[in-house]
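Reader: Please give me a close look at the interior of this model, beginning with its enclosed space and then moving to the residues packed and paired around it. I would like the cut-offs stated as you go.

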Amino acid sequence: MAKKKEYVPAKAVESLFNKVSNLIEQARVRVATAMNVAEVYTKYQIGRYIVEEEQSGNKRAEYGKQVLEGLSERLTARYGDGWSYSNLRQVRQFFLVYGNLTISDCQISNPPDFTLSWSHYLVLMRIKNADERRFYEIEATSGNWSVRELQRQYGSSLYERLALSRDKEQVARLSRVGNVVEKPEDIIKNPVTLEFVGLKPDASYSESNLESAIIGKLQEFLLELGKGFLFEARQKRFSFDEDDYYVDLVLYNRLLQCYVLVDLKVDKLTHQDLGQMQMYVNYYDRYVKQDFEKPTIGILLCKEKKDTLVKLTLPEDANIYASAYELYLPDKKLLQAKVKEWVNEFESTNAEIAAVRSGK
């Protein structure tokens, strides 16, 4: 007589399947990551060998070209595609950038810690400013950015926009640890770039149009705002004294542990707009915020703002910020010039203060 098959609960199978499936997926990610990093270290070392050969041999450009062309032919014959002359030039340049070398250098340092894929480093090595390059490398690693996200953040001048929103000491910190979110000011950018929503800068659109466009590209919008943002609601209604009020966007920042209220203004910012946001923030702090949460932050995204109006309208300790938005990618060279000008001005002011204190 055949043994009767025992009944296995479907929930038990489902639970076990999910655990095993998650483990397999995590293993695949670890293997892929290890392979990506191994490729980067290998190409770094290949670049090192190429530079060493150039330093020990004839340093003329024609000699280096012939060596790379010959190496390309041999590698392609044995290992297939991926070892073209142009690819080997990229490998060589990668070592020069990340080994902190120039052609005339004789000392060769140990390799840095690589954390991203080769495709990421092809983007990063084109960034000339070492501090800016290091910032994007840190952010891409901590944020698990895809190559496309890295290209977008660099194209939107994230580094320059954050730098212009901070003091000089914090700018230096960006290249050491990235954009660490510890206080409300750390999530503010000027301007906020919304080129992904698809609205034309010279077209006529309403605040409702802008809001709908943002909701349609919510993932990109949260990425643009920065780290730790979660979406809760749009047109969030709250009532008191028999009147209804609506907040355009209600977000939550898990790093700061607080609500972030966003109001959209397609015209010039007014003191009435600031007063309205102050009321929204007060309501959330008094009736919505839990005891363990930090004070609510209010952000007004507007087409045009004046800092003097914001300072005169709001108390100094207000947790409200106004940021201009743009529907196109900013001019990177212009922002770079502004950052350089700002840093030079800061250093000149500090030098003058030091001279006065020393009596010179």
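**Inside the model**

Author: The lining of the largest cavity is evenly divided by class, with 3 nonpolar, 3 polar and 3 charged residues (Ala, Val, Leu, Ile, Met, Phe, Trp, Tyr, Cys and Pro count as nonpolar, Asp, Glu, Lys and Arg as charged, and the others, Gly among them, as polar). This is a predicted model, in which local features need pLDDT of at least 70 and side-chain atom pairs count only at pLDDT 80 or more, while totals for chains, interfaces and linings use all residues. Residues are numbered from 1 along each chain as its sequence is written, and side-chain values use heavy atoms, with hydrogens and water left out.

The residues that line this cavity are Arg166, Gln170, Arg173, Leu174, Val177, Gly178, Asn179, Val180 and Asp186, and its volume is about 80 Å³. A cavity here is a set of points, on a 1 Å grid over the protein atoms alone, where a 1.4 Å probe fits but cannot get out, with lining residues having an atom within 4 Å of a point; points are joined across faces, edges and corners, and the volume is the space filled by probe spheres set on them. The structure holds 2 cavities of 30 Å³ or more, and the second largest has a volume of about 40 Å³. Around that second cavity stand Ile187, Ile188, Lys189, Val192, Leu225, Ile299, Leu301 and Ser323, a lining made up of 6 nonpolar, 1 polar and 1 charged residues.

Turning to the packing, the largest nonpolar core (buried Ala, Val, Leu, Ile, Met, Phe, Trp, Tyr and Cys joined through side-chain atoms within 4.5 Å) has 35 residues, of which Phe94, Tyr98, Tyr121, Leu124 and Tyr136 touch the most other members. Several helices each give two or more residues to this core, among them H1 (10-56), H2 (61-79), H3 (85-98) and H5 (130-142) (a helix is a DSSP run of H or I with at least four residues, a strand a run of E with at least two, numbered from the N terminus), and the largest share, 7 residues, comes from H3. Apart from this core lies another, of 29 residues, including Val181, Ile187, Val260 and Val266. Leaving aside residues up to four places away in sequence, Leu124 touches Tyr98, Leu116, Arg133, Tyr136, Glu137 and Leu150, contact being heavy atoms within 4.5 Å.

Charged pairs complete the picture, for the structure holds 16 salt bridges (a side-chain nitrogen of Lys or Arg within 4 Å of a carboxyl oxygen of Asp or Glu). In one of them, Arg152 pairs with Glu195, the closest N and O atoms being 2.8 Å apart; this bridge links distant parts of the chain, since Arg152 sits in helix H6 (residues 147-155) and Glu195 in the loop between strand E1 (192-193) and helix H9 (207-216), 43 residues apart. Arg152 counts as buried because its relative accessibility is 17%, whereas Glu195, at 23%, counts as partly exposed (buried is under 20% relative accessible area, exposed over 50%, partly exposed in between, with a 1.4 Å probe and protein chains only). Arg161 and Glu224 meet in a salt bridge of 2.5 Å, N to O, which likewise links distant parts of the chain, from helix H7 to helix H10 (residues 218-225), 63 residues apart. Arg161 is buried, with a relative accessible area of 0%, and Glu224 also counts as buried, at 1%. Salt bridges that share partners join Arg152, Arg161, Glu195 and Glu224 into one network.

Technical notes
On a 1 Å grid over the protein atoms alone, a cavity is a set of points where a 1.4 Å probe fits but cannot get out, and a pocket is an open set with protein on both sides within 12 Å along at least five of seven lines; lining residues have an atom within 4 Å of a point.
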